[in-house]
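Visitor: I'd like a close look at one part of this model, the shell around the ligand. After that, please lead me out from there to whatever else catches your eye in the backbone and the helix packing.

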Amino acid sequence: MNRIATIARQSTLDGELARAVSGGVHAPGSAAYEALRRPLRPDLDPRPAVVVEAANVADIRASLLAAQRHGVPLAVQATGHGTHVAADDAVLLRTTDMTSVLVDPARRVARVGPGTRWSEVLAAAAPFGLAPLSGSSPTVGVTGYTLGGGVGWLARRHGFAADSVVRAQVLTADGRLLTTGPDQYPDLFWALRGGGGGFGIVTSLEFRLYPVDQVTAGFLYVPLSGEAVAFYGGWAPSLPDDLSTALVVRRMPGTEDVPPALRDRSVIMLKVLHSGDPAHTRRLLAPMIAAAGPVVHDELRVLPYAQAAMGGTAARHLDFFPALPTGAITELLADHAATGSTVEIRHWGGAMADAGPDAGPAGHRQTPFSVILDTPRADTANRLAAYGTGATFLNFLADTGRTPTAFSAENLRRLRAVKRFYDPDGFFRLGHTVAAPAHPHRRAA
Ligand SMILES: Cc1cc2nc3c(=O)[nH]c(=O)nc-3n(C[C@H](O)[C@H](O)[C@H](O)COP(=O)(O)OP(=O)(O)OC[C@H]3O[C@@H](n4cnc5c(N)ncnc54)[C@H](O)[C@@H]3O)c2cc1C
C-alpha cells in the first residue's frame, strides 16, 4: 500500500474509532500514542495503527468491528507483562482502565474487569479472609495470567488459576458477547481456562477465592552443592500440597543491602510458601535443611498471604524435567558457573496434577519440575535436551513459535478445533495462538 493510501486508511480508522469509542483514541504522532504503545519488554517497539483505551464493553466491541472492517489485526493489552509480539499496524486495544473487583464472600468468588491487576483482587478479598490464586507479582493482569494457566504459590493446594474460573464473558471474533461457563458454550469455556488469549476478548472473569489468610513464606539460604539439588529432587515430591517450594541457584550481589553472609556468593535459595499450620513448617523443611544446611540466612516469616513477595526468574530458557538426575544437575550448575545464570527449579504437582476430567488445557499437569534459566548459553537447550520433556508453560513462554509445546497433544487438538469454530479466519493472531492463521492480512512474524 502506498503512503497516501496508508494515511487515508489510517485517518478513516482513527476517525471511525474516535466517533464510536468513549475512551481515548490515539493516532501516531500524539503524545498519548507514544506513551501507550509499548508493552513491558524493552526489545519490542510496536507501531500500532491506533491505540484505543477502552472504557467499557461497547468500546471493546467497536474496536473489534473497526479492526475487521479495515482488515487490520487487533491486540489486547492490559498491563503489557505478557506481550511478546509487536502490534504493528494493528488496533492496540488497551483494557488497562477497565478495572473492577466485585467480591461475593458468601459464594467465595470474585468478578473482575479485564484491566484488573492481582493487587486489586488481593486487597478486595483480604478483608473477608479470602485469597485469589495470584502469582509472584501483584502488578500482573488477572485476565492474561488466568487465560495462560496461572501458576501461583497456592497452586499445589488449589490448582492453576484457570482451574478456578467459574464464568467468563467473552467477545468472539464474530462480535457476539457470550457468557461462558460449564453449561454455556462449554467448549469455549474449556479453552479459555489455560489456552491463552486467542479465542476472543474476555470482558469479565469470575473465579473462586480461598480461605487463606496467614502463610509462612520467604527464603532460606543454604550453601550451593550438587548433592543438595539432588536431595531436593527426591524430597520435594514427598511434600504435602499446602507446601510449595522452589530451589533457586543464585549468585548474590555484593551490594550493601545483601546480608554479609551472602554477599558475592553463589547459594541455594529455597523458596517456601506454606499455607498450612505455621507450627509445622520448619518440621516439614527439616530433612532438606539437614541435607543441605546449615542455613546461612533465614527470611522465612509468618505474614498475610497478600504480603508474600515470592519474586520470579525471567524464563529465557524453560523446560519441564521428570526428575533431577546427576547429569542434569551437572549441566545446570555448569550454566550457573559459566554465565552467573539464575537457575530456578520449581516443584509442581499437587492439585495441578489432580484436576478433574473437566479441567482446562493449562499446563503439563503430570510433570513435577519446571526448570528456568535467566542467562542460558547458546548451547544450553541442546545440553539439557536429554533431561527435559520439551514441554513449556504458556505464561512462562516468550517464543510464540513454541506455543504448541505448552499443551498436551490431546489438548492441542481440542484447542485447535475450538479455535477453528470460534475464530475460523484467525483474527486473534497476535501473541500465543494455537492455530496457524489463514488470514489474508497476516503479517510475517
Ligand atoms: C514480573 C512477572 C511475574 C509473573 N509471574 C507469574 C506467575 O507467578 N505465574 C504465572 O502463571 N505467570 C506469571 N507471569 C506471566 C504472566 O501471567 C503473563 O505474562 C500474562 O500473560 C500477563 O498478563 P497481562 O494481562 O498482565 O499482560 P498483557 O501483556 O497485557 O497481556 C498478555 C496477553 O494476555 C492476553 N490477554 C490479556 N487480556 C486479555 C483479554 N481481556 N482478553 C483476551 N486476551 C487477553 C493477550 O493474549 C495478551 O497478549 C509473570 C510475568 C511477569 C512479567
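Guide: Three elements each put at least two residues into the shell around the ligand: β3 (74–77), α5 (142–147) and β9 (201–208). Helices here are DSSP runs of H or I with at least four residues, strands are E runs of at least two, and both are numbered from the N terminus. Mind that this is a predicted model, where local features need pLDDT of at least 70 and side-chain atom pairs count only at pLDDT 80 or more, while totals for chains, interfaces and linings use all residues. Residues are numbered from 1 along each chain as its sequence is written.

Which element gives the most to that shell? It's α5, with 4 residues. The ligand has 32 residues around it, and the nearest of them are G82, G135, G141, G144 and G197; to be in the set, a residue's C-beta atom, placed from the backbone, must lie within 6 Å of the ligand. By type, the shell splits into 22 polar residues, 10 nonpolar ones and no charged ones. (Ala, Val, Leu, Ile, Met, Phe, Trp, Tyr, Cys and Pro count as nonpolar, Asp, Glu, Lys and Arg as charged, and the others, Gly among them, as polar.) Both domain 1 (3–94) and domain 2 (101–211 + 402–422) take part, each with at least three residues in the shell; those bounds come from an automatic or database assignment.

Stepping out from the shell, look at N395, in the loop between α11 (380–384) and α12 (409–422). Its C-alpha is 6.8 Å from that of Y145, although 250 residues of chain separate the pair. N395 is buried, with 27 other C-beta atoms within 10 Å; the cut-offs are 20 or more for buried, 12 or fewer for exposed and partly exposed in between, with C-beta atoms placed from the backbone. P73 sits in the loop between α3 (57–70) and β3, and P73 is buried too, as 25 C-beta neighbours fall inside 10 Å. From P73 to V151 you count 78 residues along the chain, and their C-alpha atoms are 29 Å apart.

Next, some backbone oddities. Most residues other than glycine have a negative phi, and most peptide bonds are trans. Y185 goes the other way: its phi is near 45°, positive in a residue that isn't glycine. You'll find Y185 in the loop between β8 (177–180) and α7 (186–192). Buried or exposed, then, for Y185? Buried, with 20 C-beta neighbours inside 10 Å.

D264 also has a positive phi, near 60°, without being a glycine. D264 belongs to the loop between β11 and β12 (266–274), and 11 other C-beta atoms within 10 Å make D264 exposed. That loop between β11 and β12 also holds G254, which is exposed with 10 other C-beta atoms within 10 Å. G254 and D264 are 10 residues apart along the chain, yet just 4.3 Å lies between their C-alpha atoms.

The peptide bonds offer an oddity as well: G293 to P294 is cis, with omega near 5°. P294 is placed in the loop between α9 and β13 (297–304).

That brings us to the helices. Two packed helices are described by the angle between their axes and the distance between the axes. The axes of α8 and α9 (residues 278–292) lie 9 Å apart at an angle of about 160°. Axes are lines fitted to C-alpha atoms, over the stretch in contact for helices, and angles run from 0 to 180 degrees between N-to-C directions. The two helices are therefore roughly antiparallel. (That label needs over 145 degrees; under 35 is roughly parallel, 65 to 115 roughly perpendicular and the rest oblique.) α8 has another partner in α10 (residues 326–339): their axes come within 10 Å and cross at roughly 130°. So α8 is oblique to α10.

Let's finish just past α8 (226–235), in the loop that runs from there to β11 (243–251), where P240 is found. P240 is exposed, as there are 12 C-beta neighbours inside 10 Å. Between P240 and R61 there are 46 Å from C-alpha to C-alpha, for a sequence separation of 179 residues.
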